[in-house]
Amino acid sequence: MPAVTADTLTLPRVSQPADATVRPVAKVVTAHRQLEGEGFQVRRPFPGTDLAAADPFLLLDHLGAVEYGPGEAKGAPWHPHRGFETVTYMLDGAFEHRDSTGGGGLITEGATQWMTAGAGVLHSELPPQDFVTRGGLFHGVQLWVNLPRSLKWTPARYQDIRAGETVLLSSADGGALLRLIAGELDGHQGPGVTRTPISYVHATVSPGARLTVPWPAEFNALVYVLAGRGTVGAEQRPLEEGQLAVLGPGEALSLTGSALQDHNGSRNGWEVLLLGGLPIREPVARYGPFVMNTRAEILQAVEDFQSGRLGASAPEELAHRTTADEPVDRGTNSERREER
Ligand code: MN
């Protein structure tokens, strides 16, 4: 990691906001670990934060970084989704996806797959067979973005964003590299077309460097650490790998990479995701892979899935209907730690 590098001196620079209020830290959440799919471990900082503070985001799963031996790599076989979008960003290794509309593709180092489940889709997310056979470093992130009531029934679609399509930017002094995956940052537009207005940025902050970026006041703001350590917010709260900071109100984000980065995967600096979006502020009813507004809509989604109305391809593999049987809020009985 990181999958994308560049000489920051040649890149467009984000403006250094002069009089903007730097957002303070409202809360720090340490991700809990749990098993997903065929039994791969994820670190999940939501729930753990108040979901209203995360709105429009529903879930963030940090996959790895893990060094798989031959035959060890696992994924999530055929399962449904309805009512939201999944955004999968792969840093190392690969996921192969197949879906009930006949689509498919490889998400590999530095690439992002944006899947709008909308009215419903079945898909499988598995490491490719050659990767399973060989083993290797696997590292990725999956973010769930909610859809407002008016878009929950939109037809399913995919966007594949290759590593080379992300918009690369530099901080004002060249000390941080920013990969704008989706949405807008300081007037620059990322390649991901989002139904719900969000900004999704992967930043690599050099040891000792400070990154200050303008951030829309109406967006929420979350900072998640993929590797390394640093400080965040007006009060410079320490934040390290696997921790999420929920930021309070303001017009700018400020982060400083620690001078010493001794963690694996942080050779280039502090690796963080900057996430923000316009809150949807609607009731959320969720169960496993379905996120709707009401309990009746969830029951309908389960029934539609069981009767094959969410898609009927790949029938030979639909024996694996496991995910829909499990509630999503499995984190409540785990070793989740919350800090204030
Ligand atoms: Mn899925």
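## Exercises: a manganese site and a helix residue

Along the chain, the donor residues of the manganese ion follow the spacing H-x1-H-x41-H-x1-E. This is a predicted model, in which local features need pLDDT (the predictor's confidence in each residue, from 0 to 100) of at least 70, side-chain atom pairs count only at pLDDT 80 or more, and totals for chains, interfaces and linings use all residues. Residues are numbered from 1 along each chain as its sequence is written, and side-chain values use heavy atoms, with hydrogens and water left out.

**Exercise 1.** Find which residues coordinate the manganese ion, and place His81 and Glu125 in the fold.

*Step 1.* Look for donors, meaning N, O and S atoms within 2.8 Å of the metal (3.2 Å for Na, K and Ca); water is not among the atoms, so sites may look incomplete.

*Step 2.* His79 (NE2), His81 (NE2), His123 (NE2) and Glu125 (OE) coordinate the ion at 2.2 to 2.4 Å.

*Step 3.* His81 belongs to strand β5 (residues 76-81) and Glu125 to strand β10 (residues 121-126), so the pair ties together parts that are 44 residues apart in sequence. Strands here are DSSP runs of E, at least two residues, and helices runs of H or I, at least four, numbered from the N terminus.

**Exercise 2.** Is Thr133 buried or exposed, and what does Thr133 touch?

*Step 1.* Thr133 sits in helix α2 (residues 129-134).

*Step 2.* With a relative accessible area of 51%, Thr133 is exposed (over 50%; buried is under 20%, partly exposed in between; 1.4 Å probe, protein chains only).

*Step 3.* Leaving out residues up to four places away in sequence, Thr133 touches Pro70 and Gly71 (heavy atoms within 4.5 Å).
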